[in-house]
Amino acid sequence: MRRLYLYTTLIFWLLVSAVWAGSLWFPPAEEGVAVAAEKLISTAELAKHALPDNCWMAIRGKVYDVSAYLPEHPSRPDLVLPWCGKEATEAYNTKTKGRPHSAYADELLVKYRIGIFTVNKP
Ligand code: HEM
């Protein structure tokens, strides 16, 4: 009787250790972290957003919806608006005046990122 008790206790603790070791080996998948794939945006899709209140720009391979920022942009509107709906890396890099935007402008841009620019996607 005593032996049976010892064996069952031993088996119990072996099972407990196996479950514990197994959970270390296979950690649970990251919970609650939904990593949404970034939207791929084609030239055609980009071109549909070429208005001041619906203005997307492709800059350095990413697409930004800058509609909300445009009213605050410090330059004359006619310098920026023609780039809505277009690939605007060169314009952004030079302000069309041969001068780059500041690091502050680059930081602002991050807020408006909505996807990745893909020239060839149908
Ligand atoms: C791609 C088209 C764009 C063009 C042609 C353009 C051009 C200009 C121009 C001419 C100025 C006036 C001040 C200066 O000459 O230094 C300026 C300033 C500025 N722009 Fe743009 N811009 C563009 C897009 C953007 C975007 C998308 C952002 C941010 C979301 C931005 C943020 C700023 C900021 C913060 C300034 C103040 C000066 C600085 O920080 O560099 N611009 N931009």
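Let me begin with what I mean by contact: two residues are in contact if their C-beta atoms, placed from the backbone, lie within 7 Å. With that in mind, and remembering that this is a predicted model, we can start from one residue, A58, and work outwards.

Leaving aside residues up to four places away in sequence, A58 touches L46, V63, E87, A88 and F117. One of those contacts, V63, is also the bridge partner of A58 in β4, and A58 itself sits in β3, which spans residues 54-59.

So which strands does β3 pair with? On one side of the sequence there is β2, residues 50-51, which is joined to β3 by 2 bridges, the two strands running antiparallel. The connection between β2 and β3 is a hairpin through 2 residues, and the bridge partner of L51 in β3 is N54. Further along the chain comes β4, residues 62-65, which is joined to β3 by 4 bridges, again with the strands running antiparallel. The hairpin of β3 and β4 has 2 residues between the strands, and R60 in that hairpin takes a positive phi near 50°. The pairing with β5, residues 86-87, is parallel and runs over 2 bridges, with K86 of β5 as the bridge partner of M57.

Is β3 mostly covered or mostly open? It is mostly covered, since 5 of its 6 residues are buried.

That leads to the nonpolar core. In soluble globular proteins, nonpolar side chains tend to be buried together. In this model the largest nonpolar core has 16 residues, and those with the most contacts inside it are W56, M57, A58, I59, V63, Y64 and A88. The elements giving two or more residues to this core are β3 and β4, and the largest share, 5 residues, comes from β3.

Finally, let me turn to the ligand, where A88 appears again. Of the 23 residues around the ligand, those that come nearest are S75, A88, K95, S102 and A105, so A88 is listed both here and among the residues with the most contacts inside the core. Three helices, α3 (77-80), α4 (89-94) and α5 (103-111), each supply at least two residues of the shell around the ligand, and α5 gives the most, with 4 residues. By class, this shell has 15 nonpolar, 5 polar and 3 charged residues.

Key. Residues numbered from 1 in each chain as written. Predicted model: local features only at pLDDT ≥ 70, side-chain atom pairs only at ≥ 80, totals over all residues. Core = buried A, V, L, I, M, F, W, Y, C linked by C-beta atoms within 7 Å. Buried ≥ 20, exposed ≤ 12 C-beta atoms within 10 Å, placed from the backbone. Near = placed C-beta within 6 Å. Nonpolar A, V, L, I, M, F, W, Y, C, P; charged D, E, K, R; others polar. Pairing = 2+ DSSP bridges.
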